[in-house]
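This briefing looks at how the interior of the model is packed, and then at the surroundings of one polar residue.

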Amino acid sequence: MSEQSGQSEYAPGLDLGHLRRRYLKGGLDESNTDADPMKQFETWFAQAQEAQLLEPNAMILATVDASGQPSTRTVLLKKFDHGFVFFTNYGSQKAKDMAENDQVALHFNWLPLERQVKIQGRAKKIPAKESMSYFTSRPEGSQLGAWVSAQSEVISSKEVLLSEFARLKDKFKRGKIPFPDFWGGYRVVPEVMEFWQGGDNRLHDRIEYRRDPKNNQAWLKQRLAP
């Protein structure tokens, strides 16, 4: 270990400075964005679907635990209304984090379109009735998966999961799979939203929306330096 660098002398290192590309797909201006960021998101999401991107509803969810340690993971957006809805096990690490601190961040990264959307807001559990409605719409395998996985807990092997999956599949084969009360949705209601469009020479376009402190139903729109 080098005392000066603090890095192992055996670490090979990897110089990625040569990896770069120009962003030339288009620009983004205050004049061609909607006054409502939720409508702007709806427009961009529709375009991501039209472009047939892989999992356009995949989003990074960032949470912070009680000690202040941030954590990220990918979840799937399952509903978009006045907020962004996703589902998880209420015993998962993300759920534990949100119980301590409901301030979260979401990030959509649509690289083929040279676009990103960043969202900051607060996460709240949705009503059980709303979670149950979504649960019953899922394929049987996904319903069983919700029952099988004690999400984020240590397990000895994957065989444990497969064995429990097979047991529950047999148990519930003669009726509907019941709704698990330890599983459900969260809705992230945004307070800040940023739309990023790649630009040439790293002069990217960033349009940010913030809720008006004088009127929580209105938004203030501004351009940020790249």
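**Packing of the interior**

In this predicted model, the largest nonpolar core (a set of buried Ala, Val, Leu, Ile, Met, Phe, Trp, Tyr and Cys residues joined through side-chain atoms within 4.5 Å) has 31 residues, and those with the most contacts inside it are Phe41, Phe84, Phe86, Phe108, Trp110, Val117 and Phe195. Two or more residues each are given to this core by α1 (37-50), β1 (58-64), β4 (84-89), α2 (93-100), β5 (103-110), β6 (115-125), β7 (183-197) and β8 (205-212), where helices (H or I, at least four residues) and strands (E, at least two) are DSSP runs numbered from the N terminus. The largest share, five residues, comes from α1.

**A second core and Val117**

- Apart from the largest core lies another, of 12 residues, including Ile126, Ala146, Val148 and Phe172.
- Val117 touches (heavy atoms within 4.5 Å) Phe41, Trp44, Leu106, His107, Phe108, Trp110, Glu194 and Phe195, not counting residues up to four places away in sequence.

**Thr63**

- Thr63 is placed in strand β1 and is buried, with a relative accessible area of 1% (buried means under 20%, exposed over 50%, partly exposed in between, with a 1.4 Å probe and protein chains only).
- Its side chain makes polar contacts with the side chain of Arg73 (3.0 Å) and with the side chain of Asp97 (2.7 Å); a polar contact is a pair of N or O atoms within 3.5 Å, and within protein one must be able to donate a hydrogen and the other to accept it, while residues adjacent in sequence count only if both atoms are side-chain atoms.

**Basis**

- Residues are numbered from 1 along each chain as its sequence is written, and side-chain values use heavy atoms, with hydrogens and water left out.
- As the model is predicted, local features need pLDDT of at least 70 and side-chain atom pairs count only at pLDDT 80 or more, whereas totals for chains, interfaces and linings use all residues.
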